[in-house]
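Open the model in your viewer and keep the selection box handy. We will go from stop to stop, with something to pick at each one.

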Amino acid sequence: MAATPISSTGGVAVPAAGETFRFALGSLTTLFFMWGFITCLNDILIPHLKAVFSLNYTQAMLIQFCFFGAYFLVSVPAGVLVKRLGYQKGIVVGLLTAALGCGLFYPAAVSATYSVFLGALFVLASGITVLQVAANPYVTALGPVDTASSRLTLTQAFNSLGTTIAPAFGSVLILSVAVGASAEAEADAVKLPYLLLCGMLIVLAAVFALLKLPHIHDQEDEVAAPVRSALSHRHLVLGALAIFMYVGGEVAIGSLLVSFMGEAHVAGLKEADAANYIAFYWGGAMVGRFIGAAVMQKLSPGKVLGFNAGVAALLVILAMSGNGQLAMWAMLAVGLCNSIMFPTIFSLALKGLGRATAQGSGILCLAIVGGAVVPLMQGLLADAVGLSASYVLPVICYLYIVFYGLKGSVPREEAAK
């Protein structure tokens, strides 16, 4: 079925009388779930491949470097692609590209070559980047402007659901299979889960190719707009750095959680057992989004952001300096604090941009590359000074977010009053 053209006002879809976009939004939630699931699976892949190839922390964190590096390299071409094809076809291309990346895990396992795994991850992440570029603005366009944040928060909750379920999936199908096995058998452990994901993504691509979804012209024309005017807004530039710091800190902590909980002075857990606890980290983010959405109706988003980031920094410091269950649960509790950070930073950074909003959104998406850079830097620190001490880097990230929430997010015009 072809996409249905929908009239729009300023890039926002206007449904016909008696018609809603519930079906379209319901379909899009499956995408948010899938890319959350796949992204979180990296937290299982890192300790697994670290053991398979006897990697140090720096080498293991190349997994996140290749994955999130795709956001930086592919976002702009993805914007051009979505502008040319439209949201729906862009989603189909993203799903098929991600499926190809998952399929490449099979030859990577057969060859038992780390660089091939990294190449497969880059292809997979490129597909997810296309999905992000197409699906996020599509959700905001499917309805009134004043409820756009609500729609995006709801779909992101399904993203968090994916990140909560993925660790259990990876623990059963990857880490537990590898216990006591040969190096070749350990590499083979990734075949089944990623082939299953490949099949699911192909099915989703077929479904989205056939769905009758609204086609919105106006906003698609803005996806790949130039960025010069947006960069003149100080709070946007500082917000891009905040996104860089937030994604970097969150991914770095999640990536090393299994290793951290395996430390003798923390919990001494085996990889398969530690993986089950990752659900508390990402599940906290899901619960916190619902709590934060209610709290921010009463309190200033900037103040809530500053408070959450400050508590996150204190929890990481407590985990670094503590032992046993206290250290483990302090680190896991950081997920609850992370919950509102991304959407809050995103909205604060775009405040007052007017016609430069689309350009500003593109800049913020590029800043997700923090998920590539910060974990790699923490890997270098972990190899140099030890795993616990390396968490000083996420602490620095959260302290910057405190500054942004309380001061840096205020537009110049408001600060001057």
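**First stop: helix 13**

Begin by selecting helix 13 and colouring its buried residues: Gly302, Val304, Leu305, Gly306, Asn308, Ala309, Ala312, Ala313, Leu315, Val316 and Ala319. Before going further, please keep in mind that this is a predicted model. Now put a distance between the end C-alpha atoms of helix 13: its 21 residues reach 30 Å from first to last, close to the 30 Å expected at 1.5 Å a residue.

**The second largest pocket**

Stay with helix 13 and add helix 12 (271-295) and helix 14 (324-338), since each of these three helices supplies at least two residues of the lining of the second largest pocket. Which residues lie nearest the centre of this pocket? Select Ile291, Phe307, Asn308, Leu336 and Ser339, which have that place among the 13 lining residues. Asn308 is also one of the buried residues of helix 13.

The space in the second largest pocket comes to about 200 Å³. Colour the lining by class and you will find nine nonpolar residues, four polar ones and no charged residues.

**Helix 15**

Next, select helix 15 (residues 341-350). Eight of its ten residues are buried, so helix 15 is largely enclosed by the rest of the structure. The buried residues to highlight are Met341, Phe342, Thr344, Ile345, Phe346, Leu348, Ala349 and Leu350. Then step past the end of helix 15 to Gly352, where phi is positive, near 75°.

**Aromatic pairs**

Now show the aromatic side chains. The whole structure contains 17 aromatic pairs. For one of them, zoom in on Phe37 and Phe169, an edge-to-face pair with 5.1 Å from centre to centre and 65° between the planes. What does this pair tie together? Phe37 belongs to helix 1 (residues 22-52) and Phe169 to helix 7 (residues 148-175), so the contact links parts that are 132 residues apart in sequence. Switch on a surface and compare the partners: Phe37 is buried, at 6% relative accessibility, whereas Phe169 is partly exposed, at 22%.

Phe67 and Phe68 make another pair to select: their ring centres are 5.4 Å apart and their planes lie at 65°, so this pair is edge-to-face as well. Phe67 and Phe68 are both buried.

For a group of rings, select Phe53, Phe105, Tyr114, Phe117 and Tyr194, which form one aromatic cluster.

**Two lysines over rings**

Keep the rings on and add two lysines. The charged end of Lys50 sits over the ring of Tyr57, 4.5 Å from the ring centre. At Lys191, the charged end sits over the ring of Tyr106, 4.6 Å from the centre of that ring.

**Two loops with a positive phi**

Follow the chain out of helix 1 into the loop before helix 2 (57-60), and stop at Ser54. Phi of Ser54 is near 50°, a positive value in a residue other than glycine. Is Ser54 buried or exposed? With a relative accessible area of 64%, Ser54 is exposed.

Jump next to Ala112, in the loop between helix 5 (105-111) and helix 6 (114-141). Ala112 likewise has a positive phi, near 50°, and is not a glycine. Its relative accessible area of 33% makes Ala112 partly exposed.

**Helix 4 and two distances to draw**

Select helix 4 (residues 87-103) and draw a line between its end C-alpha atoms: they are 24 Å apart, which agrees with the 24 Å that 17 residues should span at 1.5 Å a residue. The buried residues of helix 4 include Tyr87, Gly90, Gly94, Gly101 and Cys102.

Move back to helix 3 (residues 62-85) and pick Tyr71. Tyr71 is buried, with a relative accessible area of 4%. Draw a line from Tyr71 to Ser126: they are 55 residues apart in sequence, and their C-alpha atoms are 7.0 Å apart in space.

For the last stop, pick Val207 in helix 9 (residues 191-210). At 38% relative accessibility, Val207 is partly exposed. Connect Val207 to Ser27, and you span 180 residues of sequence with a C-alpha to C-alpha distance of 9.4 Å.

Technical notes
Residues are numbered from 1 along each chain as its sequence is written. This is a predicted model: local features need pLDDT of at least 70, side-chain atom pairs count only at pLDDT 80 or more; totals for chains, interfaces and linings use all residues. Side-chain values use heavy atoms; hydrogens and water are left out. On a 1 Å grid over the protein atoms alone, a cavity is a set of points where a 1.4 Å probe fits but cannot get out, and a pocket is an open set with protein on both sides within 12 Å along at least five of seven lines; lining residues have an atom within 4 Å of a point. Grid points are joined across faces, edges and corners, and a volume is the space filled by probe spheres set on the points. Helices (H or I, at least four residues) and strands (E, at least two) are DSSP runs, numbered from the N terminus. Ala, Val, Leu, Ile, Met, Phe, Trp, Tyr, Cys and Pro count as nonpolar, Asp, Glu, Lys and Arg as charged, and the others, Gly among them, as polar. Rings of Phe, Tyr and Trp (its six-membered ring) pair if their centres lie within 6.5 Å; planes under 30 degrees apart count as stacked, over 60 as edge-to-face and the rest as tilted. Buried means under 20% relative accessible area, exposed over 50%, partly exposed in between (1.4 Å probe, protein chains only). A charge sits over a ring if NZ of Lys or CZ of Arg is within 6 Å of the ring centre and within 35 degrees of the ring normal. The expected span of a helix is 1.5 Å times one less than its number of residues.
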